[in-house]
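Q: Please take a close look at one part of this model, the interface. Start from a single residue and work outward.

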Amino acid sequence: MRDADLTVIEEIRGGNPRRFALLVDRHKERAMTLALRLTGERVEAEELVQDAFLRSYQRLDQFRGDSRFGTWFYRILYNLCMTRLARRKGNVELLPLDDDAGLDALAAASEEVSALEQLEEGEMRTMLSDELNRLPERFKIPLTLFYVQEMSYEEIAAVTGLPLGTVKTNLFRGRNQLKKNVLARLHEEVMRS
Amino acid sequence: MSTANLHCTSAQLQAKLDGRLEPEERAQVENHLRQCPSCSRAYASFSSLDASLRKLPLSGVNASLTQNVLNALRLDSRASLLYRFLLFVPYAFGLLIVLGTIAAAFLWSGAFQETPAAQTIGEPSQAIGAVSEAVRSFSVGLAQWISEYFPFFSQRAAGISLLLLLALLCGAGVDRLIGRKMVVRTR
């Protein structure tokens, strides 16, 4: 299917630059969600999102349409966020990585039940959102791009510049870690009450 | 599927969830899930997590974000009055410098000295006098320097041209500064 954004970009190139507002409206919430998850600070996230939109407009000539506009745009935003995070020494990263043995033993852990399903939707959202924010960057980024930006593995690789295999691994491990953390927190809350 | 323990791996379950298994492997995994309650529960757990993640709300955005972007790119003719006013500031600033330069050049040339009007108005205040003197000295110094190195310029033409250029540079600089701040600060 043709990327709807491409039509808008053609209109912009055809002499209607104000149509850029449509692209901003389409992507601003997802962009904000990504920037906020990465930086954890609203004003800073908003500044980065605005900057990313400005840069994408100024570089629109360089967009060749090989990928979706979203992939290209989020790469700009991602790079801006990473540059900003790199300046904040000591705040980036990282929790220790679980070893694979633990992950593959997952099937045996059947007692974990579908506790996730027992939570009310509101509680679940809050808990998931908190736990997602607490994940190390290498897990949080692919998970956010996958679920918020609705990107494929390949698009995530294009945005982050990581090999496809690394993206997959981080996505899988991130999901595992997230599930474990949510279950652990759920367990704590049950014990407390 | 793991051959060691005859259970699906976490990676396989997630790849199935994401629709990323090759047909043959997918058939194997699906077959196994039908027979293995443990893997089936693990898959259901991932599936539940996946569904919840997809439902996570997006972050709210400041309502003026789109407008701010358009303003910064100067794409919107409906920009706010304040913004349109601010767009004038750098150019007003540049114009002020130009007018100041011309006035200084006239003062320097002595065109206004001892005219009836000047005598009627009287002596300017000390502060204005000091500013005029500073501008005049600057103009004279600059013009003398220019005409020394570029003799084809007259002193006055050199002074005025250079200050006009300076006015343009100042205007552009302030313009850029304000434009940039509008992107970041306008709420």
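A: **The interface, starting from one serine**

Set aside neighbours within four places in sequence, and B:S52 is in contact (heavy atoms within 4.5 Å) with A:M124 and A:L128. B:S52 sits in helix 3 of chain B; helices here are DSSP runs of H or I with at least four residues, strands are E runs of at least two, and both are numbered from the N terminus. B:S52 is buried, at a relative accessible area of 15%. Buried means under 20%, exposed over 50% and partly exposed in between, with a 1.4 Å probe and protein chains only.

The model is predicted, so local features need pLDDT of at least 70 and side-chain atom pairs 80 or more, while totals for chains, interfaces and linings use all residues. Residues are numbered from 1 along each chain as its sequence is written, chains are lettered from A and ligands numbered from 1 in the order written, and side-chain values use heavy atoms, without hydrogens or water.

Now the whole interface. Chain B brings 48 residues to the contact, and chain A brings 52. Together they bury about 4400 Å², with 62% of that on carbon and sulfur atoms. Buried area is the accessible area (1.4 Å probe) lost when two parts are put together, summed over both.

Next, the charged pairs. The rule finds 3 salt bridges between chain B and chain A. Each needs a side-chain nitrogen of Lys or Arg within 4 Å of a carboxyl oxygen of Asp or Glu. One salt bridge joins A:R175 to B:D18, with 2.5 Å between the closest N and O atoms.

Polar contacts come next. There are 12 residue pairs in polar contact across the interface, both residues at pLDDT 80 or more. The rule asks for N or O atoms within 3.5 Å, and within protein one must be able to donate a hydrogen and the other to accept it; residues adjacent in sequence count only through two side-chain atoms.

On chain B, the elements giving two or more residues to the side that touches chain A are helix 1 (10-17), helix 3 (37-54), helix 4 (65-73) and helix 8 (155-185). Helix 3 gives the most, with 13 residues. By class, this side has 23 nonpolar, 15 polar and 10 charged residues. Ala, Val, Leu, Ile, Met, Phe, Trp, Tyr, Cys and Pro count as nonpolar, Asp, Glu, Lys and Arg as charged, and the others, including Gly, as polar.

Chain B itself has 8 helices and 0 strands. Of its 187 residues, 35% count as buried.
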